[in-house]
Amino acid sequence: MTEKRIILEMGTGNDLYGQDYTKAARRAVQDALHHSSITLFSKLGIDHSQMRVGVTIGVQEPDQVDCDLVAADLPRGRTEVRAVKGGLDVVDKEAGSKHVVATAAIEAFLPDLSGTYVQS
């Protein structure tokens with residue numbers, strides 16, 4: 001069955017002192033989730049398990065993100081998380097550290113229900 005993207009939310013997160021890409025990624029996901037209130041499921045009688053959730057995390061060092069830990073933060077749906085090159089590292093040369101900034105895009109997909117609902 002084909003799917004349609006029904007939701008796209010974006011967020012940013014950071015870890016200012018720990019240089020932890022996973023922590024920044026999780027904060028970006030939480031930021032994106034806090035922009036949503038999805039009443040679609042209860043209004044149309046759709047089970048959340050039908051939703052596929054695709055999460056793309058952008059950080060400067062994608063291999064440093066624990067995608068399974070990020071996926072555990074998603075409250076609903078079948079989740080797929082991937083980390084790609086993106087985000088931003090802000091280097092503090094004097095302190096010898098960097099501040100990690102992550103971006104997150106969360107996409108929710110449902111089976112294509114075109115023609116299922118008819119306006120009366």
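Start with the whole protein chain: three helices and five strands make up its secondary structure. Keep in mind that this is a predicted model. Trace the chain from its beginning, and the elements come in the order β-α-α-β-α-β-β-β.

**The whole chain**

Zoom out. The C-alpha trace spans about 65 × 25 × 20 Å along its principal axes. Now show the surface. The protein chain exposes about 7400 Å², and carbon and sulfur atoms supply 49% of that area. How much of the chain is buried? Of its 120 residues, 32% count as buried.

Next, turn on contacts. Take those between residues at least 6 apart in sequence: 76% of them join residues at least 24 apart. Then colour by charge. The protein chain has 13 positive and 17 negative charges. The mean positions of the two groups are 4 Å apart.

**Stop 1: Leu110**

Select Leu110. It sits in strand S5, which covers residues 97-111. Is Leu110 buried or exposed? Leu110 is buried, because its relative accessible area is 3%, and buried means under 20%.

What does Leu110 touch beyond the residues up to four places away in sequence? Start with Thr2, Glu3, Lys4 and Ile6, which are among its contacts. Others include Leu40, Phe41, Ile46, Gln50 and Met51.

Now add His99 to the selection. Leu110 and His99 are eleven residues apart in sequence. In space, their C-alpha atoms are 36 Å apart.

**Stop 2: Phe41**

Move from Leu110 to one of its contacts, Phe41. Phe41 belongs to helix H2, residues 40-44. Phe41 is buried too, with a relative accessible area of 3%.

Show what surrounds the residue. Leaving aside neighbours within four places in sequence, Phe41 is in contact with Ile6, Ile46, Asp47, His48, Met51 and Leu110. Pick Met51 from that set and check the spacing. Phe41 and Met51 are ten residues apart along the chain, and 9.7 Å separates their C-alpha atoms.

**Stop 3: Arg52 and Phe109**

Select Arg52 together with Phe109. Where does Arg52 lie? Arg52 lies over the face of Phe109, at 4.2 Å from the ring centre.

While rings are on display, look for aromatic pairs. The count comes to zero.

**Stop 4: Gln19**

Go to the loop between strand S1 (3-15) and helix H1 (21-33), where Gln19 is found. What is phi of Gln19? It is near 55°, a positive value in a residue other than glycine. Most residues other than glycine have a negative phi. As for cover, Gln19 is partly exposed, with a relative accessible area of 32%.

**Stop 5: Arg27**

Continue into helix H1 and select Arg27. At 41% relative accessibility, Arg27 counts as partly exposed, because that value falls between the 20% limit for buried and the 50% limit for exposed.

Which residues does Arg27 touch, not counting those up to four places away in sequence? They are Thr12, Gly13, Asn14 and Asp15.

End with one long step along the sequence. Add Val81, which is 54 residues from Arg27 along the chain. The C-alpha atoms of Arg27 and Val81 are separated by 14 Å.

Key:
Residues numbered from 1 in each chain as written. Predicted model: local features only at pLDDT ≥ 70, side-chain atom pairs only at ≥ 80, totals over all residues. Heavy atoms only, no water. Phe/Tyr/Trp six-rings, centres within 6.5 Å; stacked < 30°, edge-to-face > 60°. Lys NZ or Arg CZ within 6 Å of the ring centre and 35° of its normal. Helix = DSSP H or I, 4+ residues; strand = E, 2+ residues; numbered from the N terminus. Buried < 20%, exposed > 50% of the residue type's maximum accessible area, 1.4 Å probe, protein only. Contact = heavy atoms within 4.5 Å. Areas by Shrake-Rupley, 256 points an atom, 1.4 Å probe, with all protein chains shown as cover. Lys, Arg positive; Asp, Glu negative; His and termini not counted. Charge placed at Lys NZ, Arg CZ, Asp CG, Glu CD.
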